[in-house]
Amino acid sequence: MSREHLATYLNDHLAGAVAAVELLDNLSSSYKDTDIPGFVAPLKTEIEADRLVLEDLMGRLGIEPSSVRRASAWFASKMTELKLLVDDPASGSLHLFQAFEILSLGIEGKRALWLALTSASERAPELKLIDYNRMIARAVDQRNRVEERRLKSAQDALLIDAADKARSGSPQ
């Protein structure tokens with residue numbers, strides 16, 4: 001196993017966790033007069049806890065967090081925020097739908113991380129430092145909750161209303 005490859009992979013996922021927390025903070029502030037802050041607060045706490053597990057694993061393996069990747073994650077989260085605002089300046093239904101989709105995919109990536117480490121630990125016993133099955137189950141639970149909200153928000157964001165149909169000449 002290449003230590004550099006492992007360090008790159010773990011740092012990429014650490015950066016993803018940083019970006020996810022930024023996105024959750026943005027959702028909480030953008031939708032403060034809705035039930036969104038109540039939904040994202042426990043999710044943020046869990047993602048931060050998962051990030052700490054990853055940081056602990058990296059520390060135990062002697063892998064330093066990459067400040068460049070962390071800064072890149074912060075920058076990417078700001079670009080994501082900008083993209084969401086350009087697509088839906090009013091922070092409406094499309095913004096919410098796309099944000100939940102990004103979170104859902106990120107959480108699936110985290111599940112893939114734990115699965116990959118489980119597999120790699122079969123040949124690299126030094127990786128057997130955490131309960132990967134527990135982390136996989138947490139990621140599945142998080143993704144299920146976000147997916148439920150993503151699909152619900154899709155109903156609002158992707159709805160073609162009567163005015164749109166009239167403009168396009170489609171029968172109602």
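**Exercise 1. Find where Asp88 lies, decide whether Asp88 is buried or exposed, and list its contacts.**

Solution.
- Step 1: Asp88 sits in the loop between α3 and α4. Helices (H or I, at least four residues) and strands (E, at least two) are DSSP runs, numbered from the N terminus.
- Step 2: The relative accessible area of Asp88 is 12%. Buried means under 20% relative accessible area, exposed over 50%, and partly exposed in between (1.4 Å probe, protein chains only). Asp88 is therefore buried.
- Step 3: Contact means heavy atoms within 4.5 Å. With neighbours within four places in sequence left aside, Asp88 is in contact with Ser93, Leu94 and His95.
- Step 4: From Asp88 to Gln98 there are 10 residues in sequence and 9.8 Å in space, C-alpha to C-alpha.

A note on the model: it is predicted, so local features need pLDDT of at least 70 and side-chain atom pairs count only at pLDDT 80 or more, while totals for chains, interfaces and linings use all residues. Residues are numbered from 1 along each chain as its sequence is written, and side-chain values use heavy atoms, with hydrogens and water left out.

**Exercise 2. Are Ala90 and Ser91 buried or exposed?**

Solution.
- Step 1: Ala90 belongs to the loop between α3 and α4, and Ser91 lies in the loop between α3 and α4 as well.
- Step 2: Ala90 has 67% relative accessibility, so Ala90 counts as exposed.
- Step 3: Ser91 has 15% relative accessibility, so Ser91 counts as buried.
- Step 4: Look at the backbone of Ser91. Its phi is positive, about 50°, although Ser91 is not a glycine. Most residues other than glycine have a negative phi.
- Step 5: Ala90 and Ser121 stand 31 residues apart in sequence and 46 Å apart in space, C-alpha to C-alpha.

**Exercise 3. Describe the chain as a whole, starting with its helices and strands.**

Solution.
- Step 1: The chain has 6 helices and 0 strands, in the order α-α-α-α-α-α from the N terminus on.
- Step 2: Along the principal axes, its C-alpha trace spans about 65 × 30 × 30 Å.
- Step 3: The chain has 172 residues, and 37% of them count as buried.
- Step 4: Take the contacts between residues at least 6 apart in sequence: 76% of these join residues at least 24 apart.

**Exercise 4. Which residues line the largest cavity, and which elements line the largest pocket?**

Solution.
- Step 1: Fix the terms. On a 1 Å grid over the protein atoms alone, a cavity is a set of points where a 1.4 Å probe fits but cannot get out; a pocket is an open set with protein on both sides within 12 Å along at least five of seven lines; lining residues have an atom within 4 Å of a point. Grid points are joined across faces, edges and corners, and a volume is the space filled by probe spheres set on the points.
- Step 2: The count is 1 cavity of 30 Å³ or more. The largest cavity has a volume of about 40 Å³.
- Step 3: Its lining consists of Asn11, Leu14, Ala15, Val18, Ser66, Arg69 and Arg70. Two or more of the lining residues come from each of α1 (3-30) and α3 (67-87).
- Step 4: The largest pocket has a volume of about 400 Å³. Of its 22 lining residues, Gly16, Ala17, Ala19, Ala20 and Gly106 are the closest to its centre.
- Step 5: The elements giving two or more residues to the pocket lining are α1, α2 (36-60), α3 and α4 (93-121). The largest share, 8 residues, comes from α4.
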